[in-house]
Amino acid sequence: MRISDYTLRNLRSFCAMVEHGGPSGAQAVLGASLSAISTHLKDLELSLGFTLCQRGRGGFALTDKGEAVYREAKKMLGGIEQCEANLGTLRKVRTGHLRIGIVDSEADNPDLPVHRAIRRFFGREQEVRLTLEIGTTQALSKALQTGEVHVAIGPFPNRQPNVEYTPVYTEEHALYCGCLHPLYARAEGVVTLEELSLYPITARPYLQRAELAALHDPNVVASVSNMEAQAILIRSGRFLGFLPLHFANTWVRRGEMRQITGLGLEWLSQFHIALRIQPEPLEIARLFAADLAAELARA
């Protein structure tokens with residue numbers, strides 16, 4: 001088939017659908033209407049002559065040929081992206097599409113100045129487009145492998161092959177209870193580890209080993225994938241749970257939760273800047289990673 005501008009557009013839409021679970025999930029990434037995205041998929045299938053995916057009540061699932069097309073499309077689009085960056089280098093102007101991913105609930109973190117790194121990066125003469133994604137560590141790890149994200153920032157307890165991890169910051173976590181929890185009215189420093197085992201606790205599976213290491217026989221009955229969900233369960237008064245101090249402070253100041261102190265349960269989460277090793281990271285990705293490291297050094 002002939003690769004036209006329309007074909008490239010359709011392939012980009014198709015890849016976004018694969019990576020975000022279908023046309024609806026791809027809307028925010030592409031900035032296009034659901035009908036337009038569906039049309040891109042239909043046009044691509046028509047030009048190829050076969051079905052790429054099954055979609056309907058059962059969800060969005062690729063056919064075998066759809067899997068093959070996705071792999072080829074990612075290789076081609078990645079090559080175009082690299083070519084665009086290389087041509088920009090020849091023009092002595094930075095170009096390309098920089099895609100940054102950061103773990104959820106860090107916008108209010110004064111010790112992780114991603115916003116200042118972005119300001120520093122875009123203070124230079126350049127023609128770079130930016131996409132900033134917020135996600136869980138699992139989602140960011142996957143996005144790095146597929147090339148959907150060039151630079152990821154967060155804790156990555158499960159290391160992936162072909163990814164370079166640079167430690168940049170540690171985030172302190174502590175155990176909290178909501179104002180409706182039986183422990184909330186107890187004096188600070190008098191709760192025992194044995195008492196804690198009597199109460200249900202919520203944990204994040206990807207950090208469970210670190211979160212629960214100091215507890216005796218924790219009663220884990222709920223799990224979450226991100227800190228917003230963790231905070232909701234803690235505020236319900238039915239669960240204890242760990243949160244980063246900077247994130248919990250909003251509810252602590254409002255009297256909606258408090259830290260369980262005096263037991264040495266605080267722990268540090270190591271954050272990294274993560275870059276895929278192969279293919280070689282874009283120059284703009286390396287530059288942004290350096291900008292973030294510089295801003296962290298100033299913090």
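This text walks through the inside of a predicted model, from its nonpolar core to its aromatic pairs and its largest pocket.

Let us start in the interior. In soluble globular proteins, nonpolar side chains tend to be buried together. Here the largest nonpolar core has 33 residues, and those that touch the most other members are L98, L112, V114, I153 and F288. Try finding these five in the structure first, then look at where the core comes from. Two or more residues each are given by the strands β3 (94-103), β5 (151-154), β6 (163-178) and β11 (267-276), and also by the helices α5 (114-121), α6 (137-146) and α11 (283-298). The element that gives the most is α11, with 7 residues.

Now zoom in on one member of the core. Which residues is L112 in contact with, once its neighbours within four places in sequence are left aside? They are I102, E106, I153, Y169, F271 and L296. Keep Y169 and F271 in mind, as both will come back shortly.

Next, turn to the aromatic rings. The count comes to 5 aromatic pairs. One of them joins F121 and F288, whose ring centres are 6.4 Å apart. Why is this pair called edge-to-face? The planes of the two rings meet at 70 degrees, and an angle over 60 counts as edge-to-face. Along the chain these partners are 167 residues apart, with F121 in helix α5 and F288 in helix α11, so to speak a link between distant parts of the chain. Both residues are buried. F122 joins in as well: together with F121 and F288, F122 forms one aromatic cluster.

A second pair brings back two familiar names. Y169 and F271 are also edge-to-face, with 5.4 Å from centre to centre and 75 degrees between the planes. Y169 sits in strand β6 and F271 in strand β11, 102 residues apart, and this pair too links distant parts of the chain. Are these two residues buried or exposed? Y169 and F271 are both buried.

A ring can also have a charged partner. R159 lies over the face of Y165, at 4.6 Å from the ring centre.

Finally, look for open space. The largest pocket holds about 940 Å³. It is lined by 35 residues, and K74, L77, E81, R99 and G147 are the closest to its centre. The elements that give two or more residues to this lining are α1 (5-19), α2 (23-30), α4 (64-90), β3, β4 (126-135) and α6. Helix α4 has the largest share of the lining, with 11 residues.

Note on methods:
Residues numbered from 1 in each chain as written. Predicted model: local features only at pLDDT ≥ 70, side-chain atom pairs only at ≥ 80, totals over all residues. Heavy atoms only, no water. Core = buried A, V, L, I, M, F, W, Y, C linked by side-chain atoms within 4.5 Å. Buried < 20%, exposed > 50% of the residue type's maximum accessible area, 1.4 Å probe, protein only. Helix = DSSP H or I, 4+ residues; strand = E, 2+ residues; numbered from the N terminus. Contact = heavy atoms within 4.5 Å. Phe/Tyr/Trp six-rings, centres within 6.5 Å; stacked < 30°, edge-to-face > 60°. Lys NZ or Arg CZ within 6 Å of the ring centre and 35° of its normal. 1 Å grid on protein atoms, 1.4 Å probe; cavity = no way out; pocket = protein on both sides within 12 Å on 5 of 7 lines; lining within 4 Å. Points joined across faces, edges and corners; volume = space filled by probe spheres on them.
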